[in-house]
Amino acid sequence: MVDFMQKTRRLMKLSSVIAKYGFDELFKRGELERYIPKNVKRKYSDKIDEINSCTFYERIRMAIEEMGPVYVKFGQMLSNRKDILPEEMIIELQKLQDDVEVEKVDVKNKMNLELGIEIDDYFEEIEEEPIASASIGQVFKGRLKNGEKIVVKIQRENIKPVVEIDLEIMKNLAKTLENYYEDIKKMNIGNIVESFEKVLNEELSLNNELRNMQRFANNFKEDDRIHVPTVYKQLSNDRILTMEMIEGFKITDKEKIIEIGQDPKKIARIGLDLYLTQFLKYGFFHADPHPGNIFLKENGQIVFIDFGAMGKLYPNEREFLINLIIYSLKKDVKKMVEAIQELAIKFEVPDERKFERELYGIIEMIDENSLENINIVTIFEKARKIFSNNQILLSEDIYLLIKGIGQIEGIGRHLDPNLNINEVMQPYMDKIAKERINPINIFKKETRKLETFSENWLTLPTDLKTILEKIQKNELKHRHEIIGFEKFQKTFEELVLAIIISSLFVGSSILALANIPPKIFGISGLGLLGFIIAGIMGINLFLKSKK
């Protein structure tokens, strides 16, 4: 439960930052000025000229940095959303650094209390100064009694309440901004904040990171091209994670790769291949594969580190994604649209023909360039722009994947400027295509469908079973209603009545002119009778039409 006083103090701090960087004007436009205390606005009013010397997007970046680590992380996530944010803002958000002051920690005492052990029974030594300091935690080097070198990640004190308060404020602010600004509503900022909350909560749980490492290691246990750091479960909990220290160097160090006798081009292909395997085969991939999170050991093994946040694709998402790739290679735009529709959370395309032409434009762009000149990031950005223009929203994991592929390709291009992602991907597509036409796999797939159908039948409500049985016995009585039929029926009746009245008037007039006896007041009796009947019917029709 968020503490009311803590939340109030935090709101005051955020209000202060908003006013300091001149964003109170933005709040005025949305009638949200009341959220900023008057004394705060007065405090920074004399600094407005200094603030105005910076661009609007620079002020956003500076404000985010001052708001704290949660907002910095959110800004870093938004820096990947070129589909919804202008280029100038993306450039500024990419400058955000997770630069947090070192927090003094008595590591041994902390581990003793948290793990309920005597730390000296397990550790030969552990350093008191962190080798890395981030917003969520700090990392310390050490060595176990058996001589193994390890690192210990320790979560910062009281970080969870801070994150909880900031997330609640962010969700409330997103909801308020969506109510006042239509452009922000179109950005689906509320969904983005919810996705961010999920990712951040996962990072806060070091047990979650431990499970991610174990799952990742299990996926690649038969692949000696990759090494996953060993985790020490008995020396870990939800706030402490002890793992093997990796002795290696950044994968982008080309000179070092050559120095240890490895071929940078080969390493580039292996790295790309391993990443494709992560999402195409397992649907479980590293969410942030930048050069600082991928190392190379001297034996040539690639090592991914930092498993706090992982991207996950459900089986159906992976299937649709594979379909999208296959259809794009086949240049089947209509099938591509179907796959995108299945993959999307939100799919609103005002002009489907225009959408198809835009997708075909991407295919033509690929055809017109030689494979080595194709920049996968450019293709993704073009696709994301098309999606944004058509109100197509994908899951956050798909955006993480797009970012990850771009990062991996960037590393690959650095090591091998002629790297061709299509060539590396083609064997996967060929293998998938063969698996799909394999009679055994087809049989298994159809068997699963039959099992699902059978299970659904067994769980159908009794009423539905009864309906199906009545259909088979021809006992089902079908009743339907045409919406608006009563109004149509009334109009039709009035029309028929008007025709009859008109006919009576015409007929009576003919009789009156023909002087056919008997006569009443010198008028044919039959004609007079017809006029009277037509008159009564006319009055009745008039009264009905007024109801």
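This is a short conversation about how some features of a predicted model were assigned.

Colleague: What makes H9 a helix of the expected span?

Modeller: Helix H9 covers residues 159-180, which is 22 residues, and at 1.5 Å a residue these should span 32 Å; because the end C-alpha atoms of H9 are 32 Å apart, the value agrees with the expectation.

Colleague: Which residues in H9 are buried, and what does that word require?

Modeller: A residue is called buried when its relative accessible area is under 20%, and in H9 this holds for residues including Ile159, Val163, Leu167, Met170, Ala174 and Leu177. An α-helix has 3.6 residues a turn, so residues three or four places apart point the same way. The buried residues of H9 pack against helix H1 (4-20), helix H6 (69-78), strand E4 (149-155), helix H10 (182-186) and helix H11 (189-204).

Colleague: Why is a set of 78 residues called a nonpolar core?

Modeller: The name applies because such a set consists of buried residues of kinds such as Val, Leu, Ile and Phe, joined through side-chain atoms within 4.5 Å; the largest core in the chain has 78 residues, and those with the most contacts inside it are Phe216, Phe279, Ile302 and Phe355. Apart from this largest core lies another, of 35 residues, among them Tyr21, Val72, Phe74 and Leu204.

Colleague: How do you know that Ile302 is in contact with Ile251?

Modeller: Contact means that heavy atoms lie within 4.5 Å, and, leaving aside neighbours within four places in sequence, the residues that Ile302 contacts include Ile251, Ile267, Leu274 and Phe295.

Colleague: How many of the residues of the chain count as buried?

Modeller: Of the 547 residues of the chain, 42% count as buried.

Conventions. Residues are numbered from 1 along each chain as its sequence is written. This is a predicted model: local features need pLDDT of at least 70, side-chain atom pairs count only at pLDDT 80 or more; totals for chains, interfaces and linings use all residues. Side-chain values use heavy atoms; hydrogens and water are left out. Buried means under 20% relative accessible area, exposed over 50%, partly exposed in between (1.4 Å probe, protein chains only). Helices (H or I, at least four residues) and strands (E, at least two) are DSSP runs, numbered from the N terminus. The expected span of a helix is 1.5 Å times one less than its number of residues.
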